[in-house]
Amino acid sequence: MAAEVSGGALAKTSGISASMLSRIERGLVSPSVETLERLANGLCVPTSRFFGDQARRTDFCHVRAGQGVVVDRIGAVADYRYELLGHLLSGNLFVEPYLVTLLPGADPYVTFQHPGLKFLYFLSGEVSYRYGGRTVEVRAGDSLLFDATALHGIEAIQTQPVSYLSVVFTLRE
């Protein structure tokens, strides 16, 4: 085995049978995503490792207008609507592109804080945007790029509706 682990040991630490592992190795069966996750955990590598070594593989994601996946983000602010616009399955860079729309009941919120870099491109509305100790006035067509580990967010809403493209870039573990 490439990871210097025997097949039997890998099967045991991954929680799959040795015969299933053998069938996967010989190309007789295609493993489920759950099985791939178990194998990745057993090898102490990210699941994307199974796909990253394919020289000709390139990720491609096409999301038609209005067809993004509306997601409930952990810690999301009420009446901030997040529509996921794409995803990448491999590589070391994790990218989250969202169309963010402030619904009519949305309030300003200035305590977003998370790892990575954030790029915002405003599509509509006018807001005061706080980053750390500074505030800037932004409107449709304006963009912001910053280290997202500082406190940030919309401090005041001047003109509605407000919508913007939000792209967060982080490294995968």
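## Strand S5 and the core around it

The largest nonpolar core here has 18 residues, and those with the most contacts inside it are Tyr80, Leu102, Phe122, Tyr129, Ile154 and Tyr164. Strand S2 (80–84), strand S3 (93–102), S5, S7 and S8 each give two or more residues to this core, with S5 giving the most, at four residues. A nonpolar core means a set of buried Ala, Val, Leu, Ile, Met, Phe, Trp, Tyr and Cys residues joined through side-chain atoms within 4.5 Å; buried is under 20% relative accessible area (1.4 Å probe, protein chains only).

This is a predicted model, where local features need pLDDT of at least 70 and side-chain atom pairs count only at pLDDT 80 or more, while totals for chains, interfaces and linings use all residues. Residues are numbered from 1 along each chain as its sequence is written, and side-chain values use heavy atoms, leaving out hydrogens and water.

Now for the partners of S5 (residues 117–131). Strands are DSSP E runs of at least two residues, numbered from the N terminus, and two of them pair if DSSP finds at least two bridges between them.

| Partner of S5 | Sense | Bridges | One bridge pair |
|---|---|---|---|
| S6 (residues 134–139) | antiparallel | six | tyrosine 131 and arginine 134 |
| S7 (residues 143–147) | antiparallel | five | leucine 120 and leucine 144 |
| S8 (residues 152–171) | antiparallel | 13 | phenylalanine 122 and tyrosine 164 |

The S5 and S6 hairpin has two residues between its strands, and glycine 132 takes a positive phi near 60° there.

Back in the core, leucine 102 touches Asp79, Tyr80, Ile154, Ile157, Val162 and Tyr164, leaving aside residues up to four places away in sequence; contact means heavy atoms within 4.5 Å. Apart from this core lies another one, of six residues, including Leu10, Ile16, Ile24 and Leu39.

Key: Buried < 20%, exposed > 50% of the residue type's maximum accessible area, 1.4 Å probe, protein only.
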